[in-house]
Amino acid sequence: MAKVLVVTSGKGGVGKTTSTAALGAALAQSGQSVVVVDFDVGLRNLDLVMGAERRVVYDLINVTQGDAKLSQALIRDKRLDTLHLLPASQTRDKDALTEEGVAKVMEELRAKFDWVICDSPAGIERGAWLAMRHADVAVVVTNPEVSSVRDSDRIIGLLDSKTLKAERGERMEKHLLLTRYDTGRAERGEMLKVDDVLEILSIPLLGIIPESEEVLRASNLGTPVTLSNPASTPARAYSDAAKRLNGESITMMVPQNRRSLFGKLFGRKAA
Amino acid sequence: MTITAPPRTSIRFRGRSFLALVLAPEAPVEGWLEQFDAWAAESPGFFIGRPVVLDVTGLELDKAALAKLVSDLNERTVRIMGIEGSDPGTCGLGLPPSLSGGREKAVADVLDAQSAIAQKAPPRKSNDPLVIEGAVRSGQVIIHPEGDVIVTGSVGSGAEIVAGGSIHVYGTLRGRAIAGTTGDAKARIFCRKFEAELMAIDGLYKTADSMRPELRSHAVQAWLEGDAIIMAAMN
């Protein structure tokens with residue numbers, strides 16, 4: 001039975017697209033068939049982060065409007081056979097998405113894949129609403145700062161009221177993915193701590209992704225960080241998060257400050 | 001010479017909800033008006049003294065067409081008190097204000113409520129508390145003008161609870177709590193952990209800046225003494 005997962009946050013720039021790509025790749029590495037769907041019509045990015053921007057012919061809008069078949073629009077990843085991308089249109093806007101069109105595509109995707117991962121646009125308007133509409137599971141991406149946390153709280157409220165699952169009276173499964181976490185800054189009080197965020201949002205924690213240059217490097221290379229450098233700390237954190245989505249229970253690692261006392265004493269080599 | 005300042009009285013704002021009938025014309029408006037006339041001929045005087053909200057969702061009327069529709073209805077003794085579903089731009093001066101956020105009610109309730117007022121009968125009051133299981137998230141608004149509101153979880157920053165009676169929050173209160181909106185000065189606000197942005201009782205309000213900081217993170221209750229909101233820790 002396919003699972004539809006929406007990656008959402010309310011606030012922009014917190015790492016939805018990066019997390020979509022990384023989680024999608026990690027789930028695909030476990031042998032399950034995965035499609036990542038870009039709902040950010042007009043401002044598409046997922047194709048770049050997945051390194052497929054030169055292979056886009058048809059997009060989500062073409063499929064919802066019946067101008068192309070789903071199989072024509074799907075792009076198979078070159079590195080992983082089980083990973084697919086359904087890109088958004090860059091030339092249209094969110095009004096081009098219809099509720100019926102999205103419903104039809106989601107039904108087809110459910111029949112084809114084990115995981116359908118929808119990358120939501122920022123905001124709480126039509127685009128974000130359609131992205132979360134059909135979801136069974138939501139990953140709420142949050143940065144450890146107050147504005148992101150409040151926006152996530154808002155999105156959780158919408159997940160509990162505006163999705164098909166909520167309208168049927170069922171309970172929406174929600175997970176918190178805390179990204180760009182910097183232990184040092186959290187300890188100095190410059191960022192919210194993990195416990196603060198969990199207390200405010202009160203949904204289960206899926207993972208903590210440390211702030212890392214590795215993530216930016218992977219995005220610029222057009223490779224999900226879980227594929228580009230699987231041994232790096234953010235990649236391991238994403239892989240663990242993907243395993244938890246699969247129902248495995250894995251101990252949560254709070255990223256440690258690399259520079260321990262020892263590191264501070266011998267941190268730099270003399271010139 | 002001394003100048004005595006006039007005693008300052010607080011200006012009170014109160015929320016009150018009313019029931020209104022909603023008329024939703026269908027395109028083409030001309031044809032709909034004909035049908036309306038045929039119907040009104042059978043029930044003359046139905047709209048006299050009844051507040052009516054005009055719902056123009058999906059009609060895509062411009063300002064002139066909307067003004068004409070309002071005046072056409074006025075001629076038929078239908079007084080429009082507000083317009084729902086129009087572009088903010090088309091509801092300019094000279095037209096009823098645009099409304100949003102209405103809640104559905106059975107028509108019978110609307111007619112009941114008005115005949116009750118007409119007969120000077122005491123309005124039916126349901127004092128049942130509204131119980132919200134779990135959290136009220138940022139951006140959500142809970143309105144319960146007839147009684148207490150009880151929230152078993154937290155009220156997020158940017159969420160709002162509006163109650164005719166008292167408000168009880170068993171989690172953290174981070175948003176706004178507005179109690180006693182129907183003129184109940186005895187209403188109170190209780191929360192297990194106090195981080196509120198704004199509290200109001202019977203139209204008097206206090207923002208976070210003017211609340212005692214030492215109460216933050218404590219269990220707190222608030223009530224009204226005269227024109228002052230008193231807040232105290234409960235442990």
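**Group meeting: a helix in chain A, then the wider view**

Okay, let me start in the middle of chain A, with what packs over helix α7: the cover on the buried residues of α7(A) includes β1 (3-8), α6 (126-133), β6 (137-142), α8 (164-167), β7 (173-181) and α10 (194-201), which belong to chain A as well. Before I go on, please keep in mind that this is a predicted model.

So which residues of α7(A) are buried? They are Ser148(A), Val149(A), Ser152(A), Asp153(A), Ile155(A), Ile156(A), Gly157(A), Leu158(A) and Leu159(A). The helix itself runs over residues 146-159, so to speak, 14 residues in chain A. From its first C-alpha to its last it reaches 20 Å, close to the 20 Å you'd expect at 1.5 Å a residue.

Let's zoom out to the whole of chain A. You'll find 14 helices and eight strands there. How does its radius of gyration sit against a compact globule? With 271 residues, the globule would come out near 18 Å, and chain A has 18 Å, so the two agree. If you want a box for it, the C-alpha atoms fill roughly 65 × 40 × 35 Å along the principal axes.

Buried residues are 55% of the 271 in chain A. On contacts, take those with a separation of 6 or more: 75% of them in chain A come from residues 24 or more positions apart. The accessible surface of chain A is about 12,800 Å², and carbon and sulfur atoms hold 49% of that. For the electrostatics people, chain A carries 37 positive and 36 negative charges, and the mean positions of the two sets are 5 Å apart.

One residue I'd like to show you is Ser33(A), in the loop between α1 (16-29) and β2 (34-38) of chain A. Why do we call Ser33(A) buried? Because its relative accessible area is 18%, and the cut-off for buried is under 20%. Leaving out residues up to four places away in sequence, Ser33(A) touches Thr82(A), Lys112(A), Phe113(A), Asp114(A) and Trp115(A).

Last, chain B. Its secondary structure comes to three helices and 15 strands. It has 235 residues, and 38% of them are buried. Of the chain B contacts between residues at least 6 apart in sequence, 35% join residues at least 24 apart. Chain B exposes about 14,000 Å², with carbon and sulfur atoms supplying 55% of it.

That's my tour, thanks for listening.

Technical notes: Residues numbered from 1 in each chain as written. Chains lettered and ligands numbered in written order. Predicted model: local features only at pLDDT ≥ 70, side-chain atom pairs only at ≥ 80, totals over all residues. Heavy atoms only, no water. Helix = DSSP H or I, 4+ residues; strand = E, 2+ residues; numbered from the N terminus. Expected span 1.5 Å × (residues − 1). Buried < 20%, exposed > 50% of the residue type's maximum accessible area, 1.4 Å probe, protein only. Contact = heavy atoms within 4.5 Å. Rg over C-alpha atoms; globule rule 2.2 N^0.38 Å. Areas by Shrake-Rupley, 256 points an atom, 1.4 Å probe, with all protein chains shown as cover. Lys, Arg positive; Asp, Glu negative; His and termini not counted. Charge placed at Lys NZ, Arg CZ, Asp CG, Glu CD.
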